[in-house]
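Here's an informal walk through a protein model, written for someone at the bench. Have the sequence and the 3D view open while you read.

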Amino acid sequence: MSTPERSPDPVTPPAGWAPDSWRRRPALQMPQYPDPAALEAVLAELRRLPPLVTSWEILALKRQLAEAQEGRRFLLQGGDCAESFSDCESGLITNRLKVLLQMSLVLVHGLRLPVVRVGRFAGQYAKPRSADTEARGGVTLPSYRGDVINRPEFTAEARVPDPRLMVKAHARSAMTMNFVRALVDGGFADLHHPEYWNLGWMQHSSLAAEYQRMVDSIGDAVRFMETLSGTEVHNLNRVDFYTSHEALLLYYEEALTREVPRQYGWFNLGTHFPWIGMRTAALDGAHVEYLRGVRNPVAVKVGPSVQPDQLLRLIDVLNPDDEPGRLTLIHRMGAAQIAQKLPPLLEAVRREGRRVLWVCDPMHGNTESTANGFKTRRFENILAEVEQSFDLHAAAGTRLGGVHLELTGEDVTECTGGARELKDADLERAYRSTVDPRLNYEQSLEIAMAIVRKRGQ
Ligand code: PEP
Ligand code: MN
């Protein structure tokens with residue numbers, strides 16, 4: 001990705017921090033493993049396994065995020081709500097990569113800005129739950145918490161947390177990462193060949209013509225530059241792709257937190273860009289404690305209950321030195337609440353002159369249940385939250401620097417609306433998510449086009 005370099009100054013971990021100092025804080029959403037000795041044996045094994053990413057990739061991403069903070073890049077972060085072990089499969093991985101590449105092409109073309117591409121993949125295996133238990137037909141069992149913790153089948157045995165699943169998650173993450181790296185390095189992401197990213201059912205889409213016009217116009221621009229310079233433009237042959245996941249299962253994150261030669265401090269080498277979710281962002285909690293000491297760029301989800309002073313204290317803990325690229329705040333308010341809840345936060349951060357990257361997650365505040373029993377999100381609410389975000393930032397004198405989306409490259413029916421006007425009755429046709437509803441391929445592309453339209457106003 002880029003060449004190794006030594007940090008200019010020694011970076012000492014913050015006072016009192018160690019990879020395991022989170023264990024002395026209240027840790028929400030964590031499993032209780034029935035056999036502590038089995039847990040420690042797994043952690044010892046994980047600590048010896050090779051990491052999934054490198055410190056210099058992490059620092060390169062941090063520089064790109066710093067540029068996004070200054071308005072010189074736009075962040076596209078997306079992928080499944082939760083990966084599953086059974087979905088670690090070549091077709092699903094390539095299709096997800098294709099849709100992210102197509103969206104980034106739309107954004108690059110329309111915004112005239114380089115895009116930072118970050119997947120919610122290669123480690124997105126742990127889920128926070130609103131309830132600890134789940135009842136079905138008179139039986140109550142512990143909730144499913146993601147493939148790295150327990151199994152989704154509704155049996156008592158499947159729901160017991162199993163530490164061995166962490167070793168399997170590490171292996172599946174490595175396989176995913178390896179395949180993505182091979183595709184990207186092998187030329188799959190080459191801007192000379194956007195036809196590699198076409199998905200089978202795209203030709204039937206009403207968006208196909210608009211997308212094709214962008215591809216043709218980029219093709220013309222590339223050929224024009226190459227004619228001018230007389231050579232092929234090589235930096236278009238490949239793109240950077242980074243990984244992210246929710247740092248929820250802190251045992252796993254701790255085992256992948258390493259010191260590396262020629263760099264100072266500690267890095268989470270299980271992902272480039274860990275984030276903590278809305279339910280685990282308490283200031284004195286274990287998750288904030290863990291995140292404050294790693295040198296990765298980090299993100300926090302910010303929900304409607306967060307107060308301005310609380311947010312400022314969180315910024316103090318996670319980025320005391322105002323380091324560029326270090327901290328991303330992902331707001332997820334819901335279309336109905338954002339106009340009321342976001343401005344006081346933007347105003348407080350702007351007033352204090354704190355350096356953050358603001359990103360909109362228009363998915364998690366817009367989840368609802370349909371009368372026919374599906375968890376869904378309505379495309380018009382997702383779009384409305386993105387559009388309002390741009391306006392609210394403009395009014396506050398801050399900048400929306402990216403979006404965070406749950407999406408898939410498959411033709412699923414999980415969110416309603418969009419160009420095909422999916423109705424509640426369509427949801428049963430291809431509802432595959434075991435957790436949150438995702439944008440399908442076409443709805444994802446539509447959001448990218450809508451962002452371009454909005455920014456162009
Ligand atoms: C998620 O990103 O899947 C999630 C659970 O988000 P949040 O913490 O914002 O609810
Ligand atoms: Mn989710």
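What follows goes from the barrel to the annotated sites, then to the core and one helix.

Bear in mind that this is a predicted model: local features need pLDDT of at least 70, side-chain atom pairs count only at pLDDT 80 or more, and totals for chains, interfaces and linings use all residues. Residues are numbered from 1 along each chain as its sequence is written, while chains are lettered from A and ligands numbered from 1 in the order in which they are written.

**The barrel**

Start with the strands: eight of them form a closed barrel in the order E1-E2-E5-E8-E9-E10-E11-E14, with parallel pairing. On average, neighbouring strands of this sheet are turned by 25 degrees against each other, direction ignored. That angle is taken between lines fitted to C-alpha atoms, on a scale from 0 to 180 degrees between N-to-C directions. Strands (E, at least two residues) and helices (H or I, at least four) are DSSP runs numbered from the N terminus, and two strands pair if DSSP finds at least two bridges between them.

Two of the pairings are worth a look. Strand E9 (residues 298-302) runs parallel to E10 and is joined to it by five bridges; Ala299 has Thr328 in E10 as its bridge partner. Strand E11 (residues 357-360) pairs with E14 over two bridges, also in the parallel sense, and there Cys360 has Val403 as its bridge partner.

How many of E10's residues are buried? Five of its five are, where buried means 20 or more other C-beta atoms within 10 Å of the residue's own, exposed means 12 or fewer, and partly exposed is in between, with C-beta atoms placed from the backbone. Leu327, Leu329 and His331 point one way from E10, and Thr328 and Ile330 point the other way. In a regular strand, side chains alternate between the two faces of the sheet.

**The annotated sites**

UniProt, in an unreviewed entry, gives the feature "binding site" at Cys81, His364, Glu406 and Asp436. UniProt positions are in the numbering used here, with shortened feature names, and annotations may be inferred rather than shown by experiment. These four are spread over 356 residues of sequence, yet they cluster in space, with a largest C-alpha distance of 9.9 Å. The unreviewed entry also lists Arg120, Lys301 and Arg332 under "binding site".

Here are four of the annotated residues.

| Residue | Location | C-beta neighbours within 10 Å | Status |
|---|---|---|---|
| Glu406 | strand E14 (residues 400-406) | 26 | buried |
| Asp436 | loop between E14 and helix H11 (441-455) | 18 | partly exposed |
| Arg120 | strand E2 (residues 115-120) | 26 | buried |
| Arg332 | loop between strand E10 (327-331) and helix H9 (338-351) | 21 | buried |

Now for who touches whom, where contact means C-beta atoms, placed from the backbone, within 7 Å. The contacts below leave out residues up to four places away in sequence. Glu406 touches Asp80, Cys81, Met363, Asp436, Arg438 and Leu439. Asp436 is in contact with Cys81, Met363, Thr367, Lys375 and Glu406. Arg332's contacts are Met278, Lys301, Gly303, Asp361, His364 and Gly365. Arg120 touches Gln77, Gly78, Gly79, Asp80, Ser244 and His245.

**The core**

The largest nonpolar core has 107 residues, and those with the most contacts inside it are Leu76, Val148, Leu249 and Val300. Such a core is a set of buried Ala, Val, Leu, Ile, Met, Phe, Trp, Tyr and Cys residues joined through C-beta atoms within 7 Å. Its largest share, nine residues, comes from helix H3 (residues 90-111). Beyond four places in sequence, Leu76 touches residues including Leu100, Met103, Leu107, Val115 and Val403.

**Helix H2**

H2 (residues 55-69) has 15 residues and reaches 21 Å from its first C-alpha to its last, close to the 21 Å expected at 1.5 Å a residue; the expected span is 1.5 Å times one less than the number of residues. Among its buried residues are Ile58, Leu61, Leu65 and Ala68. Gly71 follows H2, with a positive phi near 85 degrees.

Why does Ala66 count as partly exposed? Ala66, which sits in H2, has 18 other C-beta atoms within 10 Å. Ala66 and Glu323 are 257 residues apart in sequence and 8.7 Å apart in space, C-alpha to C-alpha. Ala66 also touches Pro324 and Gly325, again leaving out residues up to four places away in sequence.

Note on methods
Contact = placed C-beta atoms within 7 Å.
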